[in-house]
Amino acid sequence: MASRYADVYAGWKSDPQSFWSNAANAIDWFERPARAFDADAGIYGHWFAEGITNTCYNCLDRHVAAGRGEQIAFIYDSPVTGRVERISYASLLGDVAALAAVYRKLGVGKGDRIIIYMPMIPQAAVAMLAAARIGAVHSVVFGGFAANELAVRIDDCQAKLIVSASCGIEPGRTVAYKPLLDAALDIATHKPAHCLVFQREMAEAAMTEGRDLDFAAALAAAKQAGEEVGCTPVASTDPLYVLYTSGTTGQPKGVVRDNGGHMVALKWSMENFFGVQPGEVFWAASDIGWVVGHSYIVYGPLLNGSTSILFEGKPVGTPDPGTYWRIIAEHGVVVMFTAPTALRAIRKEDPEASHVRRYDLSKFRALFLAGERADPDTIQWAENALGVPVIDHWWQTETGWPVAGNPMGLGLLPVKYGSPAVPLPGYDVQILDDAGHPVGAGTLGNVVVKLPLPPGCLPTLWNADHRFRAAYLDEFPGYYKTADAGYLDEDGYIFIMARTDDIINVAGHRLSTGAMEEVCASHPDVAECAVIGIADDLKGQVPAGFLVINSNVSRETSEIEREVISLVRERIGPVAAFRLAICVKRLPKTRSGKILRATIQKIADRQPWKMPATIDDPVILDEITVALQGRGIGV
Ligand code: COA
Ligand code: AMP
């Protein structure tokens with residue numbers, strides 16, 4: 001079948017208002033917006049500004065009202081606890097409506113913020129949907145972040161309530177969440193009134209009298225008393241959630257997501273991009289702490305009336321590299337989404353893909369990859385192993401849904417390995433040089449999106465309009481800066497090559513080297529430092545810290561390196577995967593004092609590099625080369 005992509009994209013470009021108005025018909029509104037876009041509202045305009053709606057209603061109530069209550073909404077598959085649970089739309093609605101009543105009783109209402117710090121258990125999704133139901137704004141914090149990161153988020157969004165669990169399960173260890181939560185509450189200057197804690201039997205948490213409440217008991221009591229609340233009508237432009245993501249400083253950026261535009265975009269993408277129909281099983285193997293979890297574990301599949309898998313496990317070791325294939329076969333998954341790093345982990349343990357042959361994957365139609373660059377080798381390995389299209393697509397926390405990809409729902413286009421294919425309707429992607437001039441096909445430059453951004457993308461940063469403008473809009477007036485570098489080829493295919501800021505991508509997790517430098521520099525013996533991302537076969541990149549020690553320090557440098565590694569784990573969290581710190585005499589700099597991070601990275605990655613013309617002292621690069629070789633890097 002010929003792809004409808006070219007027609008659909010051209011249709012959007014010639015009349016974006018009609019395109020998105022039509023897409024908005026797939027959503028239920030309490031008051032339908034008269035027009036799709038209001039260019040005078042918000043920072044760059046607002047989508048569906050006059051619309052009144054509710055995201056929870058569209059995810060749950062309307063499917064149940066349409067007689068589909070018995071259909072499965074979530075399949076919770078947890079190889080780390082040996083559990084599989086199937087939760088119907090009707091039963092999920094019951095829990096969500098009751099938890100919404102618990103929130104109300106705790107004094108939480110429309111516009112109040114709720115932090116959710118939970119592992120991959122169904123209660124986490126219930127907590128998100130219950131917030132949406134009453135118009136509260138949730139902010140999910142990934143479990144691999146440390147107490148300090150949690151505290152920063154509590155303070156920034158001034159959370160009224162925290163929903164958490166006693167523990168998460170990582171292979172080989174139980175991660176007690178509650179001590180991290182207690183420590184965060186000690187550090188934070190803002191003190192939420194209550195914490196609702198879901199007790200798991202693997203590690204029960206000690207509760208603080210008066211502040212902490214048992215999640216399951218509160219929910220059961222609300223259900224027994226028949227307490228349920230309906231959906232609060234919210235403006236389309238009201239925030240649904242804030243999701244913090246790494247910025248160029250230790251202060252994360254609070255990406256805001258609205259209600260109306262978000263629903264319209266996600267619903268459109270489920271059918272037209274991923275090619276998934278209501279009633280089918282879709283699986284995004286990510287975590288609710290990331291944008292992928294928000295968009296494609298919880299909201300997208302439920303808005304679409306599909307079944308979504310909540311997976312508590314890892315691609316390998318829980319128990320073997322066949323887990324993904326087991327889940328696809330056992331639950332009839334038609335389309336799956338994961339990060340390339342997960343496939344590299346599976347391939348490393350099962351290069352012949354022998355585990356695939358243990359399962360019946362006849363229902364499986366496509367595997368989508370995003371979160372980091374998908375290397376052609378990994379894509380081809382997966383295509384051969386699975387016999388289905390393996391589709392790279394590119395997007396960001398900020399956009400909330402794919403900017404570019406090969407649209408399965410509209411009909412696949414020819415594949416070009418190394419490219420996430422073409423821009424989706426809504427996105428006019430262009431490449432500009434540093435002075436803001438368009439560059440020709442095949443020329444590397446700044447990847448930007450012409451304003452306005454489509455529905456679903458961030459309207460601003462939480463309480464930080466100025467930072468939003470400064471970070472994304474000011475450098476290239478009229479465009480949104482993605483902070484990715486890349487090029488468009490002569491067929492309009494996009495190639496994403498690198499970041500233009502300090503962000504690195506570690507196992508599909510977005511991290512700021514600037515934030516790690518702030519932590520390294522806070523060690524009393526460290527005079528200055530540089531953190532870079534170096535290439536890693538499994539995780540794509542891993543951080544490496546170069547430390548210059550104060551001249552009056554006579555301790556063993558290996559001891560300081562160990563302390564700095566622990567400090568990063570303690571302040572940012574294990575997810576930073578910061579395991580390499582190297583003490584060096586000096587850092588290479590330009591004559592104006594700028595650290596030459598890019599050159600250090602090239603040396604470490606064994607890439608060709610040129611002596612920067614502005615370097616202050618070239619000998620320092622030899623010192624760095626020797627220091628890296630001492631750790632077996634760059635040789
Ligand atoms: N809670 C607490 N700790 C967590 C955590 C969580 N939710 N997630 C990860 N961590 C910890 C890990 O246990 C590990 O700790 P350790 O240093 O004690 O070993 C550390 O953070 C680093 O984790 P990770 O980078 O994930 O490395 P790994 O070696 O444990 O696993 C992969 C490697 C490739 C298997 C794993 O990264 C993976 O499954 N990646 C998929 C990527 C993904 O889902 N991306 C989401 C965006 S699409
Ligand atoms: P996050 O906000 O965590 O989703 O990370 C977004 C960043 O990850 C992007 O700006 C890119 O740098 C990178 N990224 C995501 N998907 C891809 C992809 N398919 N190809 C290349 N880079 C990607």
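Trainee: How far is an oxygen atom of ligand 1 from an N or O atom in the side chain of Glu170?
Mentor: This is a predicted model, and the distance is computed from it. Glu170 is among the residues that come nearest to ligand 1. The pair to look at is an N or O atom in the Glu170 side chain and an oxygen atom of ligand 1. They are separated by 2.5 Å.

Trainee: What part of the accessible area of ligand 1 does the protein cover?
Mentor: Look first at Arg569, where a side-chain N or O atom is 2.9 Å from an oxygen atom of ligand 1. On its own, ligand 1 has 940 Å² of accessible area. The part covered by the protein is 83%.

Trainee: Which residue places a backbone N or O atom 3.5 Å from a nitrogen atom of ligand 1?
Mentor: This contact uses the backbone. A polar contact needs N or O atoms within 3.5 Å, so this pair counts. The residue is Gly143.

Trainee: How many nonpolar residues are in the shell around ligand 1?
Mentor: There are 23 residues around ligand 1. Sort them by class: six are polar and six are charged. The nonpolar count is eleven.

Trainee: Now ligand 2. Which residue has a polar side-chain atom 2.6 Å from an oxygen atom of ligand 2?
Mentor: Start with the closest residues, which are His393, Thr397, Asp484, Arg499 and Arg510. For Arg499, an N or O atom in the side chain is 2.7 Å from an oxygen atom of ligand 2. The 2.6 Å distance belongs to Asp484.

Trainee: How much of ligand 2 does the protein cover?
Mentor: The backbone takes part here too, as an N or O atom of Gly371 lies 3.1 Å from a nitrogen atom of ligand 2. Ligand 2 has 490 Å² of accessible area on its own. Of that area, the protein covers 91%.

Trainee: Which element gives the most to the shell around ligand 2?
Mentor: Two elements give two or more residues: strand S20 (390-394) and strand S26 (494-499). One of them leads with three residues. That element is S20.

Trainee: How many charged residues does the shell around ligand 2 have?
Mentor: The shell holds 14 residues. By class, three are nonpolar and five are polar. The charged count is six.

Trainee: Is Glu372 buried or exposed?
Mentor: Find Glu372 in the loop between strand S19 (366-369) and helix H13 (376-386). Its relative accessible area is 12%. The cut-off for buried is under 20%. Therefore Glu372 is buried.

Trainee: With which side chain does the side chain of Glu372 make a polar contact at 2.9 Å?
Mentor: The Glu372 side chain also reaches a backbone nitrogen, that of Thr341, at 2.7 Å. The 2.9 Å contact joins two side chains. The partner of Glu372 is Arg344.

Trainee: How many disulfides are there?
Mentor: The rule asks for two cysteine sulfur atoms within 2.5 Å. By this rule, the count is zero. Take Cys59 as a case: it is in no disulfide, and the nearest cysteine sulfur, that of Cys56, is 6.6 Å away. The disulfide count is zero.

Trainee: Why is the sulfur of Cys195 in no bond with the sulfur of Cys157?
Mentor: Cys195 is buried, at 0% relative accessibility. Its closest cysteine sulfur is in Cys157. That sulfur is too far for a bond, because the distance is 13 Å.

Trainee: How far is Gly210 from Cys195 in space, C-alpha to C-alpha?
Mentor: Gly210 lies in the loop between strand S11 (194-198) and strand S12 (212-214). It is exposed, with a relative accessible area of 60%. In sequence, Gly210 and Cys195 are 15 residues apart. In space, their C-alpha atoms are apart by 9.6 Å.

Trainee: Which residues does the UniProt annotation "domain: AMP-binding enzyme C-terminal" cover?
Mentor: That name comes from an unreviewed UniProt entry. In the model, the span is 27% helix and 33% strand, with end C-alpha atoms 18 Å apart. The annotation covers residues 516-594.

Trainee: How far apart are the end C-alpha atoms of residues 63-450?
Mentor: UniProt, in an unreviewed entry, places "domain: AMP-dependent synthetase/ligase" on this span. The span is 32% helix and 25% strand. Its end C-alpha atoms are apart by 36 Å.

Conventions
Residues numbered from 1 in each chain as written. Chains lettered and ligands numbered in written order. Predicted model: local features only at pLDDT ≥ 70, side-chain atom pairs only at ≥ 80, totals over all residues. Heavy atoms only, no water. Buried < 20%, exposed > 50% of the residue type's maximum accessible area, 1.4 Å probe, protein only. Near = heavy atom within 4 Å. Polar contact = N/O pair within 3.5 Å; in protein donor to acceptor, adjacent residues only side chain to side chain. Areas by Shrake-Rupley, 256 points an atom, 1.4 Å probe, with all protein chains shown as cover. Helix = DSSP H or I, 4+ residues; strand = E, 2+ residues; numbered from the N terminus. Nonpolar A, V, L, I, M, F, W, Y, C, P; charged D, E, K, R; others polar. UniProt positions renumbered as here; feature names shortened; annotations may be inferred.
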